[in-house]
Amino acid sequence: MDLTSTRRAAVLACAALAGLAAVAAHGQVNGDRQTMILSAAPGGGAADGDSDNIAFSQDNREIKYIAFDSSATNLVRGDTNGKRDVFVLVRSKRGDHASLAGRIIRVSVGPRGRQANGDSRLPSIDGQTGENPHCIVFESRATNLARGDRSPDWDIYLYDTRKKRTILVSPGIKDARTGVVDGECELVTFESRGRIYVRALHLRKTYRIARGTNPDQATNGKGVAYERNGQIYYQAYFEKFRSKKKGGPYIKKNGRERLVSANARGRRGNGVSKNPTVDDNGWYVAFESTATNLCEGGRGCPGLGTVDRNGPISDIFRRNLNPRRAPTKEHMAMASYSQGCTAKNPGAKTVDEQGNGPSNNPAMTGAGENIVFDSEATNLRQSPSIRVADGNGPVRDVYYWNFPRKRKCGNVSRESRGEGARGTEDTLNGDAVRPAASNRANFIGFTSTLSGQVGELNGPAIPDVFVRYLGAGPGS
Ligand SMILES: [Ca+2]
Ligand SMILES: [Ca+2]
Ligand SMILES: [Ca+2]
Ligand SMILES: [Ca+2]
């Protein structure tokens, strides 16, 4: 890259960060939908280390916080610990707009801002309707963040931006990983050595829930999904009293464990299912699976029917755990399948494409209507008017499945894209993976090795995290 283009890129990065006229500069016509780099140093400079694991605060369309972890040392002042840390962008003007203006703070810190002496990663943020987000949960190997656990195993910590204090969430538990906080910052679920736990923060009590790994908690804090032996399960917390006056949430005992990765005949998936993601209410659980029998039984998956066309290639599925209360009635849907239907003609199959490559790492929005995932598929598009479905071929992209309740089928659009018209020139030149979605899908985020696009400056060897503002969302 010559000096001129470097300077130009830096200017564009600054503009994107400040939420200025990057849209006009790129000649984009599609409202203010845009993709922006998140892992940038103050002023838009290149991060000097890799970043990963984006998470949004769950405050509907407000998005006060966007968190990620990074080994970079120049995102905040005084980062000299040589360890991976968890960072949060505090948007100076929260609300439903694309601006990433704000400041980045480091939250994996101990008393008086002391730097961690071990790596910290994998943030999760609270902030359900009506609540101001203030809790960022993460896992860390540090031994100096809070009292109560000085051993160098993994533990779950919570940084409270109101109290500016870090507390230990997993006291007395070895190798605690994958912490997920509920919307109101009352319950944190995590795994340790093949078991799922939930910590009731107000009671300072930890409950053992089930055998399993890789948990995701419903935003309302009423249950948790997890993996065990290649299947997905969901466990409702039997009872939870919400009154803080009476001492906060209280889990009386566990509910009934349910097998999620089962078809309408009740048969378990005949392949490996993993990476569960839960909606706000515990009605829907999405996951990836190499199973080929999950659409079998009943009317099959909407649009697709009962046959998994790509066989044991991994697809994204959404199980409906509560057809009586959820807005849709099907048992199972496939999200790595695009029907190309329209609001006018919901039964149309103008596209009818199931992914022709593996799809992985789903993340679901609050109402369960949208799922983002990454995929090697090259044939997923939402409309036949999109001539080139995927200009970068098998380079992995992030896709967005949207199934508004007024329709009868789902569409899939590629959202790991830069500026410019749809087709080829907007495609990214590096893999886009591990997506996250905000509660209402006005923002998505992902990790990518793309280089020289959308304000990226440090090259393909250093993965960065990116945010895409979707506004009202495609197709709605
Ligand atoms: Ca650091
Ligand atoms: Ca399949
Ligand atoms: Ca691709
Ligand atoms: Ca990079």
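Arginine 434 sits in strand S28, which covers residues 432-437. This is a predicted model, so read what follows as a tour of a prediction. The protein chain has two helices and 30 strands, and 61% of its 476 residues count as buried.

**Two residues with unusual backbone angles**
- As background, most residues other than glycine have a negative phi.
- Arginine 434 goes the other way, with a positive phi near 45°.
- Is arginine 434 buried or partly exposed? Its relative accessible area is 35%, so arginine 434 counts as partly exposed.
- Threonine 178 also has a positive phi, near 55°, and this residue belongs to strand S10.
- Threonine 178 is buried because its relative accessible area is 13%, under the 20% cut-off.

**The four-stranded sheet**
- Strand S10 brings us to an open sheet of four strands, arranged S10-S11-S12-S13 with antiparallel pairing.
- Which strands sit at the edges? They are S10 (176-181) and S13 (205-211), and each of these pairs on one side only.
- Leaving direction aside, neighbouring strands in this sheet are turned by 25° against each other on average.
- Strands of a sheet pair through backbone hydrogen bonds.
- S12, made of residues 195-200, pairs with S13 in the antiparallel sense, and six bridges join the two.
- Within that pair, arginine 195 faces another arginine, residue 211 of S13.

**Calcium ion, ligand 1**
- Which residues hold this ion? The protein donors are Asp79 (OD, listed twice), Asn81 (OD1), Lys83 (O) and Asp85 (OD), at 2.3 to 2.8 Å from the ion.
- Along the chain, these donors follow the spacing D-x1-N-x1-K-x1-D.
- Asparagine 81 has a relative accessible area of 15%, so this donor is buried.
- Lysine 83 comes out as partly exposed because its relative accessible area is 30%, which lies between the 20% and 50% cut-offs.

**Calcium ion, ligand 4**
- Here the coordinating residues are Glu456 (OE), Asn458 (OD1), Gly459 (O), Ile462 (O) and Asp464 (OD), with distances of 2.1 to 2.5 Å.
- The donor spacing in sequence reads E-x1-N-G-x2-I-x1-D.
- Glutamate 456 and glycine 459 are both buried.

**Nonpolar cores**
- The largest nonpolar core has 21 residues. Leu38, Ile54, Ile66, Phe68, Leu100 and Val467 are the members that touch the most others.
- Four strands each give this core at least two residues: S2 (51-56), S3 (65-70), S4 (85-91) and S30 (464-469).
- Which strand supplies the largest share? That is S30, with three residues.
- A second core of 19 residues lies apart from this one, and its members include Ala55, Val109, Ile125 and Ala142.

**The chain as a whole**
- The protein chain exposes about 18,800 Å², and 48% of that area comes from carbon and sulfur atoms.
- How many of the contacts with a separation of 6 or more link residues 24 or more positions apart? The share is 55% in this protein chain.

Notes
Residues are numbered from 1 along each chain as its sequence is written. Chains are lettered from A and ligands numbered from 1 in the order in which they are written. This is a predicted model: local features need pLDDT of at least 70, side-chain atom pairs count only at pLDDT 80 or more; totals for chains, interfaces and linings use all residues. Side-chain values use heavy atoms; hydrogens and water are left out. Two strands pair if DSSP finds at least two bridges between them. Axes are lines fitted to C-alpha atoms, for helices over the stretch in contact, and angles run from 0 to 180 degrees between N-to-C directions. Buried means under 20% relative accessible area, exposed over 50%, partly exposed in between (1.4 Å probe, protein chains only). Contact means heavy atoms within 4.5 Å. Accessible areas come from the Shrake-Rupley method with a 1.4 Å probe; for residues, only the protein chains shown count as cover. Donors are N, O and S atoms within 2.8 Å of the metal (3.2 Å for Na, K and Ca); water is not among the atoms, so sites may look incomplete. A nonpolar core is a set of buried Ala, Val, Leu, Ile, Met, Phe, Trp, Tyr and Cys residues joined through side-chain atoms within 4.5 Å.
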